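Please open the model in your viewer and keep the selection panel at hand. The stops below say what to select next and what is there.

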Amino acid sequence: MVHARRGSIGRYYDVNGWLFVAPVLGLIGLFMIYPIVWSLWMSFQSGRGMMMKFAGFANIVRLWNDPVFIKALTNTMTYFVVQVPIMIVLALILASILNNPRIVGRGLFRTAIFLPCVTSLVAYSVLFKGMFAPDGVVNSTLATLGVISSPIPWLTHPFWAKVLVIIAITWRWTGYNMIFYLAALQNIDRSIYEVARIDGVPAWARFTHITIPLLKPVILFTTVISTIGTLQLFDEVYNLTEGRGGPSNATLTLSLYIYNLTFRFMPNFGYAATVSYVIVVLVALLAFFQFFAARERDK
Amino acid sequence: MTNGIGRAASALLTYGLLGLMAFLSVFPFLWMVLGATNSSIDIIKGRVLPGEFLSTNVDKFFTQVNAPLVFWNSAKIAILATVLTLAVSSLAGYGFEIFRSRHRERLYRAMLLTLMIPFAALMIPLFIMMGKAGLINTHIAVVLPTIGSAFVVFYFRQCTKAFPSELRDAAKVDGLKEWQIFLFIYVPVMRSTYAAAFIIVFMTAWNNYLWPLIVLQSNETKTITLVISSLASAYYPDYGVVMVGTVLATLPTLAVFFFMQRQFVQGMLGSVK
C-alpha cells in the first residue's frame with residue numbers, strides 16, 4: 001500500500017531520499033558552510049598567524065583607514081560597473097545577430113566567438129601579457145593602423161592597466177554569455193520577429209522591444225553569475241601583474257588583496273577574513289538588488 | 001532604392017561586426033601557436049609569422065619543466081575531482097528530483113544559496129583546515145573542497161526531470177532496490193548528461209588556479225596551470241617556452257571542445273534549461 005503512493009510529493013521520511021542527497025550536503029556543509037561561518041568568526045579576531053584574540057569591530061574600523069583596501073574595493077567595483085554591462089550588451093547583440101538563420105556561416109562565427117571559453121584563465125592572461133607588451137603585437141598593429149603615435153603603456157600605466165584587465169575579461173567571457181542568450185533565443189518563436197519586420201519595426205526596436213524583454217530571466221541569470229565572477233577576480237590580475245596588482249595597486253582586486261594579506265605579507269587571518277566578508281556582503285547585496293530591479297520592471 | 005542601400009549597409013555592418021569579433025576571438029590562439037615557433041624577443045616585439053625556434057622552445061620547455069610529472073599531476077587532480085563530483089552530484093540531483101519532500105525542497109533552495117559564496121571567503125579557513133589535517137601539499141587537499149558543488153547538483157536535477165518515470169516503475173516491478181535502479185537504469189540512460197557534466201567539471205578542475213596555488217607548494221605536486229604561471233612571472237620570462245606550455249595546456253580542452261562540441265555547450269547551458 002505504501003508503495004502505491006510513491007512518486008507523490010510530501011513523503012517526509014523517505015530514507016532513500018536522504019541517503020541520496022547526504023554525501024553532497026555533507027561535503028557542502030564541511031567545505032562551504034563550516035568555513036564561511038568560521039570566516040565570520042575570524043573577522044572579529046586579530047593577531048598574527050594562529051595567535052588570535054577577540055578584537056570586536058577593530059577589523060571593520062581598520063578597513064576604513066586602509067588605503068590599500070579602499071583601492072582594491074574601488075578597482076573591483078570599477079571592473080564590475082564598466083565590464084559587466086559592456087560584455088552583456090555585446091553578447092546580446094552578437095546573439096541576436098547569430099540567431100538569424102539567414103546569416104551565412106553562422107555556425108563558424110558562433111564557434112569562433114565561443115572559443116575563448118576553452119582557455120584557462122591563467123593561459124589567456126599570460127597570452128594577453130605578451131600581446132600587450134610595450135612593443136607587442138597590439139601596439140605595433142595600432143601604430144601601423146595609425147590609431148596611436150606612441151605605444152600605449154598597457155602594463156605600466158594605472159589607467160591602461162585597468163583597461164587591459166577589462167579587455168581581457170571581456171575577451172574571455174563574451175562568447176560564454178552569448179551561448180546562454182542564443183539558447184534562450186531558440187525558444188522564441190521566430191514568427192514574432194517576422195511579423196514585427198513586416199509591420200516595419202526597425203531592427204534596433206525589435207532588439208529592445210522583443211529580444212531583451214523575452215530574455216530577461218537569462219539576462220538576470222548571467223548578470224548575477226558575472227557579478228559573482230567579477231567581484232572574485234583573481235587569476236587574470238595575478239598573472240598580468242606578477243601577483244602584485246600593479247602598477248602601484250592600480251589593478252589590485254579584493255581577492256588578490258586577501259591572498260596577499262594571507263600568504264604574502266605577515267599573515268593576518270582575522271583582517272583578511274574581514275576583507276573577504278566585504279565580498280560576501282557585496283555579492284549578496286548586488287544579487288538582491290538585481291533580482292529586485294528585475295521584479296520592479298515586471299510591474 | 002534607398003531600401004537596397006540600407007540593406008547593403010546593414011549587411012556590411014552585420015558581417016563586419018561578426019568578422020571582427022570572430023577574428024579578435026581567434027587571434028590569440030593563432031598568436032599562441034605562432035609564438036611557440038618564435039624566440040622570446042620576437043614574441044615581445046610582436047612578430048606574427050612562423051619562426052624557426054619551435055624545437056629550441058620545446059627542448060627548453062622539457063628541460064625546465066618535468067612535463068610528464070606536471071601533466072600527470074594535472075590529469076590526476078582533474079580526473080579524481082570530476083569522477084567524485086559526478087558521483088555525488090548525480091546521486092543528489094536524482095535524490096532531490098525523485099524523492100521529493102517539503103524538507104528536502106527547503107534544503108535544496110538553501111543549498112543553491114551556496115552558489116553565491118565567494119571562494120575568497122573560504123580559502124583561509126580551508127587552508128587552516130587542510131593544515132590541521134596534514135594535507136597541505138597533497139592533491140587530496142586540492143580535490144576535497146571542489147567535490148560538493150551546488151551547480152552540478154542543480155544541473156543533474158534539471159536533467160533528471162527528463163528521466164522517464166516508467167523506467168523506474170518497471171524496475172520496481174522487477175524488484176530492483178533503489179540503489180540498483182540508480183546504478184543500472186539511471187546512470188546508463190543519462191550518459192549524455194554525464195558526458196556534458198564531465199567535460200565542464202573536468203575543464204574547471206584542469207584550469208583551477210587559486211586553490212592549487214595556495215595548497216601546492218613543492219615542485220613535485222604542481223599542476224601545469226601553476227607551472228605556466230610561474231614561468232610567465234619570472235623576472236625575464238622566456239616567452240617561447242611559455243607559449244609551448246600554454247599550447248600544451250590548452251590542447252586537451254581544445255580537443256575536447258572540437259570533438260564533443262554539442263555536449264560541451266549543453267553542459268555549459270545546463271543551468272538555464
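Begin with the cysteines, bearing in mind that this is a predicted model: a search of the whole structure, over all chains, turns up zero disulfides. Select A:Cys117 together with B:Cys159, and you will see why no bond is drawn from the sulfur of A:Cys117, since the closest cysteine sulfur, in B:Cys159, is 19 Å away and therefore too far for a bond, where a disulfide needs the two sulfur atoms within 2.5 Å. B:Cys159 is likewise in no disulfide, the nearest cysteine sulfur being that of A:Cys117. As for their surroundings, A:Cys117 is buried, with a relative accessible area of 1%, and B:Cys159 is buried too, with a relative accessible area of 10%.

Next, turn to the nonpolar interior. The largest nonpolar core has 171 residues, and you can select A:Phe69, A:Tyr181, A:Leu254 and A:Val275 to show the residues with the most contacts inside it. Now colour helix 7 of chain A, residues 158-186, which supplies the largest share of this core with 15 residues.

Stay with one of those residues: which residues does A:Val275 touch? Leaving aside residues up to four places away in sequence, A:Val275 touches A:Leu63, A:Phe69, A:Leu254, A:Tyr257, A:Ile258 and A:Leu261. Apart from the largest core lies another one, of 19 residues, and B:Ile98, B:Val152, B:Phe182 and B:Tyr186 are among them.

Finish with chain B, which is divided into domain 1, residues 2-57, and domain 2, residues 66-233. If you colour these two domains of chain B separately, you can look for the 36 Å that lies between their C-alpha centres.

Key:
Residues are numbered from 1 along each chain as its sequence is written. Chains are lettered from A and ligands numbered from 1 in the order in which they are written. This is a predicted model: local features need pLDDT of at least 70, side-chain atom pairs count only at pLDDT 80 or more; totals for chains, interfaces and linings use all residues. Side-chain values use heavy atoms; hydrogens and water are left out. Buried means under 20% relative accessible area, exposed over 50%, partly exposed in between (1.4 Å probe, protein chains only). A nonpolar core is a set of buried Ala, Val, Leu, Ile, Met, Phe, Trp, Tyr and Cys residues joined through side-chain atoms within 4.5 Å. Helices (H or I, at least four residues) and strands (E, at least two) are DSSP runs, numbered from the N terminus. Contact means heavy atoms within 4.5 Å. Domain bounds come from an automatic or database domain assignment.
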